[in-house]
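Subject: Handover of a structure and notes on it

Dear colleague,

Please find below the structure that I am passing on to you. I should be grateful if you would read the notes with the structure open beside them.

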Amino acid sequence: MMDAGIEDNSNHDFSGYDVRVTDAAQNGDTFVYVIKSQQISSDTEYRVEREFEDFEWLHHCLLTQEGVTGLHGIIFPPLPAKPGTFLSNSEAKTKKKIESLAMVDDWQMYCRALEEYLHLVTAHPVLVKNPAVHSFLKHRELPIKTKVKKGIFNKLTQAVEELRKEHHKDIDDFFQNERDSNLTLTAFTKAAVEKFLEIVLTEQKIAIACGHFSTALHLGIGQDDDPADYAFAKMCLKLSEVLDTVKKNFEKVAENDLNTLGFNLELHSRFQDAEKEMLFRRTCKLVDVETANKNLGQAKPHKKAAMEDIKKAADKEFDEISGMAKVEIQRYHRERVRAFQKALIELSDSQLQTARECCVELKQQLAEFKQLCAE
């Protein structure tokens, strides 16, 4: 059943969107994000304000929409975790590191993560057709939202189901290999994210240390009239400038790391979790099919017809999910490789530009230092 205030699909233009999350402002205990969007086929720009709960509503609408063949075979774009909500596990610690490193005071990195989520949704050939997407981007007021249930009982039930079914042998080698690959790569990617963040933390610590050293040199200069002391003071001042340049360089290097490869690795880690969820949904449906086959074989004559109908329905839904899943997996790998290549290119370009700028400054300061020593 469609929520009130969400138009029928027939009224929508399904062309892509240009979406930007341009600002974030605190409103009491929540943050409001400003979203500007424009359909590629239109000149009209829309501006709406959304809270994180609105993003959760949109994500819920995508997961639960009706009338989409093979819906559970879709790898849904992962929604970033709610700011300030962390659990006591390694994944949560990683997210907390990202939050602390990403200069969340101005929310630029988090706005970018939400923006990327909307880009992925509007670029998806199936999800973009959901009327909730258009309501989210165009309507100032969303329809009355049903609160998404995230109780501990639901999480416990899901955890038990995963333990029971995640190691269930697949009948299709393609999906069994994909499940094995996902299990391995998910662990490796999470480890890579943590190690990469440790590198960024080290770069930031070096920048802080250089800043302290630069300040100490500057503050340690006396007002002595002795010519030797005066010459030494001038050298300390110049060395302080050099260290300040090194400090700014390491700050920029850390920022480049986060904005390019760091951002992509964190997104890729969440995407692998999304693929795992899709593969698990398909495994659950496989178990349903096998259960239906078993029940049909054991059914009494007067229940055969009903069991046959249940089996056919389960087979049909399983085939639809598997068909969608194969297309999604191929698309997922293609898009992730493309995104990773782009991130590496952006990292290389930004670090090269930063190194060139630093080199120009250091060359100039070296020349001044040599001139100072020659005096």
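The notes below go from the overall make-up to the sheet, then to the helix that crosses it, and finally to the aromatic residues.

Overall make-up

Please bear in mind throughout that this is a predicted model. The protein chain contains 8 helices and 3 strands. Their sequence order is β-β-β-α-α-α-α-α-α-α-α, with the strands preceding the helices. Of the 375 residues in the protein chain, 40% are buried. Where contacts join residues at least 6 apart in sequence, 75% of them are between residues at least 24 apart.

The sheet

The three strands make an open sheet in the order β1-β2-β3, and the pairing is antiparallel. Its edges are formed by β1 (17-27) and β3 (45-50), each of which pairs on one side only. On average, neighbouring strands of the sheet are turned by 20° against each other, direction ignored.

The pairing of β1 with β2 (residues 30-39) is antiparallel and extends over 10 bridges. Two of the facing positions may help you to find the register. Y17 is opposite Q39 in β2, and Q26 is opposite F31 in β2. These two strands form a hairpin with 2 residues between them, where G28 adopts a positive phi near 70°.

On the other side, β2 is joined to β3 by 6 bridges, again in the antiparallel sense. This second hairpin has 5 residues between its strands. Here V34 has E49 of β3 as its bridge partner, while Y33 stands opposite R50 in β3. Both Y33 and R50 return below in connection with the aromatic residues. As for exposure, β2 is mostly covered, with 7 of its 10 residues buried.

The helix across the sheet

Helix α3 (residues 108-123) lies across β1 and β2, and its direction makes an angle of about 145° with β1. The helix comprises 16 residues and spans 22 Å from its first C-alpha to its last, close to the 22 Å expected at 1.5 Å a residue. Which residues of α3 are buried? They are M109, Y110, C111, A113, L114, E115, Y117, L118, L120, V121 and T122. The list includes the charged residue type at E115 as well as Y110, and Y110 also belongs to the aromatic cluster described next.

The aromatic residues

The whole structure holds 5 aromatic pairs. One of them is formed by Y33 and F55, whose rings meet edge-to-face at 6.3 Å centre to centre, with 85° between the planes. This pair bridges distant parts of the chain, since Y33 belongs to strand β2 and F55 to helix α1 (residues 52-64), 22 residues apart. Y33 and F55 are both buried.

F55 also pairs with F136, again edge-to-face, at 5.0 Å centre to centre and with 70° between the planes. In this case helix α1, which carries F55, is linked to helix α4 (residues 131-138), which carries F136, and the two residues are 81 apart in the chain.

Why do F55 and F136 count as buried? The cut-off for a buried residue is under 20% relative accessible area. F55 counts as buried because its relative accessibility is 0%. F136 is buried for a like reason, because its relative accessible area is 0%.

Taken together, Y33, F55, Y110 and F136 form one aromatic cluster. Strand β2 contributes Y33 and helix α1 contributes F55, while F136 comes from helix α4 and Y110 is among the buried residues of α3.

Two charged side chains also lie over aromatic rings. R50 is placed over the face of F136, 5.2 Å from the ring centre; R50 is the residue of β3 that stands opposite Y33. Elsewhere, K326 has its charged end over the ring of F174, at 5.4 Å from the centre of that ring.

With kind regards

Notes:
Residues are numbered from 1 along each chain as its sequence is written. This is a predicted model: local features need pLDDT of at least 70, side-chain atom pairs count only at pLDDT 80 or more; totals for chains, interfaces and linings use all residues. Side-chain values use heavy atoms; hydrogens and water are left out. Two strands pair if DSSP finds at least two bridges between them. Helices (H or I, at least four residues) and strands (E, at least two) are DSSP runs, numbered from the N terminus. Axes are lines fitted to C-alpha atoms, for helices over the stretch in contact, and angles run from 0 to 180 degrees between N-to-C directions. Contact means heavy atoms within 4.5 Å. Rings of Phe, Tyr and Trp (its six-membered ring) pair if their centres lie within 6.5 Å; planes under 30 degrees apart count as stacked, over 60 as edge-to-face and the rest as tilted. Buried means under 20% relative accessible area, exposed over 50%, partly exposed in between (1.4 Å probe, protein chains only). A charge sits over a ring if NZ of Lys or CZ of Arg is within 6 Å of the ring centre and within 35 degrees of the ring normal. The expected span of a helix is 1.5 Å times one less than its number of residues.
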